Amino acid sequence: MRGVLGAILRFVGRIGVRPDDDEDVRLRKALLVGTALMILPAGVIWGSLYLVFGEPGAAFIPWGYSALSAVSLVTFQATRRYRLFANAQFLLILLAPLLLMVVLGGFVPSSGVILWSVLAPLGAIVFDSPRRALSWFALFLGLLVLSGLFAAEIRPSNQLPTAVVLLFFVMNLAGPLIVAFTLLVTFAMGREAALGELRAEQEKSESLLLNILPKRIAEILKGGDRTIAEGFESASILFADVVDFTPLSARLRPHEVVGLLDHLFSHFDTLAEGHGLEKIKTIGDCYMVAAGVPAARPDHAQALARLALEMRDSLECHTELAARKIQ
């Protein structure tokens, strides 16, 4: 069962998709296609019920909606023209319930079938843009007012029994709510997943930026286009090399060399951070750290000297570790 459902979802997600579509466009297309497929059988069911209860004229409207919706789906798969497909779906969702309300005699005799038309402006918000959604909503309100004024003049009543009218009220209320809720929840979950991936990528970018630049400089770059140019009267810079690193690395396997440097320089990073100093970069076995920049401090030389002594003392344990690996 899960395999069948997964295959159906993959098929729906491929309808009308272009190779150059980004994830957001793919999500919009998949949701609109899924919404159309959800409403399409409802048109068949509604039409059949109208026919059974003595309203054959009304039955042809939802049947016609389902047929035209199916045609638009096939056309979308063939042409990949998303805007055309979206407008066709919005127009069908908007007009079919309005026509049914007119044919059945107004809001009450039609059991509030006009509620389905609300999905057109709501769908435009999700699948198109808020600006276009306003146009669809204005069109919906205009058609609603006109049909409400003239529906009773065209046909004051219909053949549906009172119990059936009440049943259709429940169906016409529950149906659009279910579709709208499913649509909005799915869209929100898709957007939340996309935002989560975006946040993860931003964190990776920030981590990479902090590995290249000092934190203060990175924050300036992220905050705007301010020119990064500051003057400092004095500062101290320390360069530290591992003595006899070349012959040492010749006796170690590559992953051991990388592991040794990573362990050593990570310890140096901790020491530099503890003294409030700024690591600039590492090149091979060379470690560069600065004091007095980018934040000025009068004791930059003393702080850097204290760091150098601690780095020297910490090398004893790392030398022993390297010796054990060589043996």
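Trainee: In which helix does glutamate 23 lie, and is glutamate 23 buried or exposed?
Mentor: In this predicted model, glutamate 23 belongs to the helix that runs over residues 23–52, which is α2. A residue counts as exposed when its relative accessible area is over 50%. The relative accessibility of glutamate 23 is 59%, and therefore glutamate 23 counts as exposed.

Trainee: Which residues gather with Glu23 in a patch of negative charge on the surface?
Mentor: Asp and Glu are the residues that count as negative, and the patch is built from residues of these kinds. Together with Glu23, the patch of negative charge on the surface holds Asp20, Asp22 and Glu197.

Trainee: What makes the nonpolar surface patch that includes Val145, and is valine 145 buried or exposed?
Mentor: Valine 145 is part of helix α6, and with a relative accessibility of 51% it counts as exposed, because the cut-off for that word is over 50%. The patch covers about 410 Å², and its members are Val145, Leu146, Leu149 and Phe150.

Trainee: Turning to the interior, which element gives the most residues to the largest nonpolar core?
Mentor: This core has 47 residues, among which Tyr50, Phe90, Trp116 and Phe127 touch the most other members. Two or more residues come from each of α2, α3 (56–79), α4 (82–104), α5 (119–127), α6 (130–154) and α7 (162–212). The element that gives the most, with 12 residues, is α4.

Trainee: How far apart are N and O in the salt bridge of lysine 29 and aspartate 21, and are these two residues buried or exposed?
Mentor: Side chains of opposite charge can pair when their charged atoms come close. Lysine 29 and aspartate 21 are both buried, and their side chains meet in a salt bridge with an N to O distance of 2.7 Å.

Trainee: How many residues apart in sequence are the parts that aspartate 128 and arginine 83 tie together?
Mentor: The side chains of aspartate 128 and arginine 83 meet in a salt bridge of 3.5 Å, taken from N to O. Aspartate 128 sits in the loop between α5 and α6, whereas arginine 83 sits in helix α4, so the pair ties together parts of the chain whose separation in sequence is 45 residues.

Trainee: Which of these two residues, aspartate 128 or arginine 83, counts as buried?
Mentor: Buried means a relative accessible area under 20%, and partly exposed covers the range from there up to the exposed class. Arginine 83 has a relative accessibility of 39% and therefore counts as partly exposed. At 14%, the residue that counts as buried is aspartate 128.

Trainee: Which residue is linked with Arg83 and Asp128 in a network of salt bridges?
Mentor: A search of the whole structure finds six salt bridges, and the pair of aspartate 128 and arginine 83 meets in a salt bridge. The network that links Arg83 and Asp128 also holds Arg132.

Trainee: What separation do the C-alpha atoms of alanine 235 and alanine 290 have?
Mentor: Alanine 235 is in the loop between α8 (215–223) and β1 (236–241), and with 40% relative accessibility it counts as partly exposed. Along the chain, alanine 235 and alanine 290 are 55 residues apart, while their C-alpha atoms are separated by 7.4 Å.

Terms used: Residues numbered from 1 in each chain as written. Predicted model: local features only at pLDDT ≥ 70, side-chain atom pairs only at ≥ 80, totals over all residues. Heavy atoms only, no water. Patch = residues over 30% accessible without salt bridge, like charges linked within 9 Å, V, L, I, M, F, W, Y side chains within 5 Å. Areas by Shrake-Rupley, 256 points an atom, 1.4 Å probe, with all protein chains shown as cover. Salt bridge = Lys/Arg side-chain N within 4 Å of Asp/Glu carboxyl O. Charge placed at Lys NZ, Arg CZ, Asp CG, Glu CD. Helix = DSSP H or I, 4+ residues; strand = E, 2+ residues; numbered from the N terminus. Buried < 20%, exposed > 50% of the residue type's maximum accessible area, 1.4 Å probe, protein only. Core = buried A, V, L, I, M, F, W, Y, C linked by side-chain atoms within 4.5 Å.
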